[in-house]
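User: Please take a close look at the cavities of this protein. Then carry on to the ligand site and to any backbone features that deserve a second look.

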Amino acid sequence: LGISALRTPRIRARLQPAFRAIARALNLWLRNASYERVLRARWDALVDLYAEQALRSAAFEERARSMPAGELRAAGVDAEGQNLRRRHHQLPCTAATLRERIRVISTICSRDAPILLAGDDDMLSLALAEAGFTDVTALDIDPAVLDQIHIEAQLAGRSVQIVQHDLSQRPPAAFVRDYALVVTDPICTPDGVRLFLQGALRMVTPHGNVRVLLCTHLASQLPEGLEQLEDLLNANDLVIERFLPGCGVYPNPRRLMRVVFGVLWFLDHTCLRSEGITLAATTPKYFVSDALVLRARGPQASRLPRATVLEGVSPQAVRS
Ligand SMILES: C[S@@+](CC[C@H](N)C(=O)[O-])C[C@H]1O[C@@H](n2cnc3c(N)ncnc32)[C@H](O)[C@@H]1O
C-alpha cells in the first residue's frame, strides 16, 4: 500500500505541497470551502483518511464485481453517468444503498410514520413510497431535485410531499411537523453536519421520540470534526443508537474522479514509484460512507462518552 511511507518526512515533504495545491485548485474550481480543511489538516489525519477510503473502496469494488450494474447506478445521474447537479454538493448513492436504507428504516418506524428526507438527491423519498411508506416528505434547496422527485412520483402513481427550503434558514411554521424519522445526508464536513442536523431538527415539533438517520462519512470529519460532532449531539440532546459503518456507497463523480485521481495517479507514478512505493486505489470508483441512527436522550441516559463517536472510525485499523 505504501501508506506508512506517506508518513516518512522525505515523502511527506514531496507530497504535502502537491496535496495542498490540489485542494487549493478544487477550492477555486468548485468554490467548495470544504477543501480548505485539507489545507489546514494535519498530514497524518489526511493519510488516515486516504488510507481508510482506499481500503474501503477497494473492498467494495471486489464486492461490486458480483453485483448487477443496476445496483451500482446512482439516482439523479444522466445517460453519460455524470452527476447532474454538484452546485449543492449533490452526490447520489447507489441503488443498493437505497435498498439498505429502506431495510434500516423499516426497523426504525412503521409504514405510516411521517418521514422527512432533509435533502434528497438520492431520491430515497421515491424508493420509500415505492416500498409502501405512505407519509414521506422530500425537502431540498434545489428545485431541480424536487421537480425530478415530483415528476417521477406522479409517473409511478406514488405520493411524496415536496418542500423547498434552505436548511440554514428557520422554516415557516407550516413546514414543521411531528416527524417520527428524519433522514439526512449532509455535506461531509463538520459545518455541513451541523447545518443539516440543526436545520432538520428545526423541522420537527419537539416530541422526544424522533429518530435521525444521519448518513455521513465519519473519517471525513477528521479528529477535530468528531469532537465537534460529539458536542453537537450533546447540545441537541441526541445519543447514538446504532452505528452503521460502510453502509452507504456513492459512485464518485466522473469529472472529479478524472481530476483528483488523475493527479494522485501522476504523483504515484512520478514521486513514489522511484522510491519503490505504490499507492493503492489511486482511482477509487466509489466513496464508501457510514451512518448513525440517533435518538433523543432519555431522562436516564448519560452524556455521550467520547469513545462512542470515535469507535469504528479507528484510524489504527488502516495503519497496517
Ligand atoms: C448535501 S447533498 C449530499 C452531500 C454528500 N453527502 C457530500 O458529502 O458531498 C444532499 C442534498 O442536500 C441538498 N442541499 C444542499 N444544501 C442544502 C440546504 N442548504 N438546504 C436544503 N437542502 C440542501 C442538495 O441539493 C442534495 O440534494
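**The largest cavity and what lies beyond it**

Analyst: Searching the whole structure turns up 4 cavities of 30 Å³ or more. Note that the model is predicted. The largest cavity has a volume of about 60 Å³.

Which residues line the largest cavity? Take them in sequence order. The lining begins with Thr97, Arg101 and Val104. Leu213 and Cys215 come next. Leu244, Cys247, Gly248 and Tyr250 follow. Ser289, Asp290 and Ala291 complete the list.

Now sort the lining by secondary structure. Helix H5, residues 95–108, supplies at least two lining residues. So do three strands: E5 (211–216), E6 (238–251) and E7 (286–296). The largest share is that of E6, with 4 residues. By class, the wall of this cavity counts 7 nonpolar residues, 3 polar ones and 2 charged ones. Arg101 and Asp290 both belong to the lining, and both count as charged because Asp, Glu, Lys and Arg make up that class.

Next, the ligand. There are 19 residues around the ligand. Those that come nearest are Gln90, Asp140, Asp166, Leu167 and Asp185. The shell splits by class into 7 nonpolar, 5 polar and 7 charged residues.

Three contacts involve oxygen atoms of the ligand and can be inspected one by one. At Asp140, a side-chain N or O atom is 2.6 Å from a ligand oxygen. At Gln90, a side-chain N or O atom is 2.9 Å from a ligand oxygen. At His89, the partner is a polar backbone atom, and the distance to a ligand oxygen is 3.4 Å. The ligand taken alone exposes 580 Å², and the protein buries 94% of that area.

Stay with His89, since its backbone is also of interest. His89 is found in the loop between helix H4 (69–72) and H5. Its phi is near 65°, a positive value in a residue other than glycine. Most residues other than glycine have a negative phi. Is His89 buried or exposed? His89 counts as partly exposed because its relative accessibility is 29%, and that class lies between the cut-offs of 20% and 50%.

Met123 also has a positive phi, about 60°, although it is not a glycine. The loop that holds Met123 runs between strand E1 (115–118) and helix H6 (124–130). Met123 counts as buried, because its relative accessibility is 4% and the cut-off for that class is under 20%.

Back to E6. Asn252 lies in the loop between E6 and helix H10 (254–272). With a relative accessible area of 16%, Asn252 is buried. Its C-alpha atom is 5.6 Å from that of Lys285, a residue 33 positions away along the chain.

E5 likewise leads to a loop. His207 has its place between helix H8 (190–201) and E5. His207 is partly exposed, because its relative accessibility is 30%. The partner to check here is Asp178. The two residues are 29 apart along the chain, and their C-alpha atoms are separated by 7.2 Å.

One last pair starts from a strand. Val163 has its place in strand E3, residues 161–164. A relative accessible area of 9% makes Val163 buried. Ala138 is 25 residues from Val163 along the chain, with 6.2 Å between the C-alpha atoms.

To recap, two places repay inspection. The first is the largest cavity, walled by residues from H5, E5, E6 and E7. The second is the ligand, where the protein buries 94% of the 580 Å² exposed by the ligand alone. His89 offers a polar backbone atom to a ligand oxygen and carries a positive phi.

Definitions and conventions: Residues are numbered from 1 along each chain as its sequence is written. This is a predicted model: local features need pLDDT of at least 70, side-chain atom pairs count only at pLDDT 80 or more; totals for chains, interfaces and linings use all residues. Side-chain values use heavy atoms; hydrogens and water are left out. On a 1 Å grid over the protein atoms alone, a cavity is a set of points where a 1.4 Å probe fits but cannot get out, and a pocket is an open set with protein on both sides within 12 Å along at least five of seven lines; lining residues have an atom within 4 Å of a point. Grid points are joined across faces, edges and corners, and a volume is the space filled by probe spheres set on the points. A residue is near a molecule or strand if one of its heavy atoms lies within 4 Å of it. A polar contact is a pair of N or O atoms within 3.5 Å; within protein, one must be able to donate a hydrogen and the other to accept it, and residues adjacent in sequence count only if both atoms are side-chain atoms. Accessible areas come from the Shrake-Rupley method with a 1.4 Å probe; for residues, only the protein chains shown count as cover. Buried means under 20% relative accessible area, exposed over 50%, partly exposed in between (1.4 Å probe, protein chains only).
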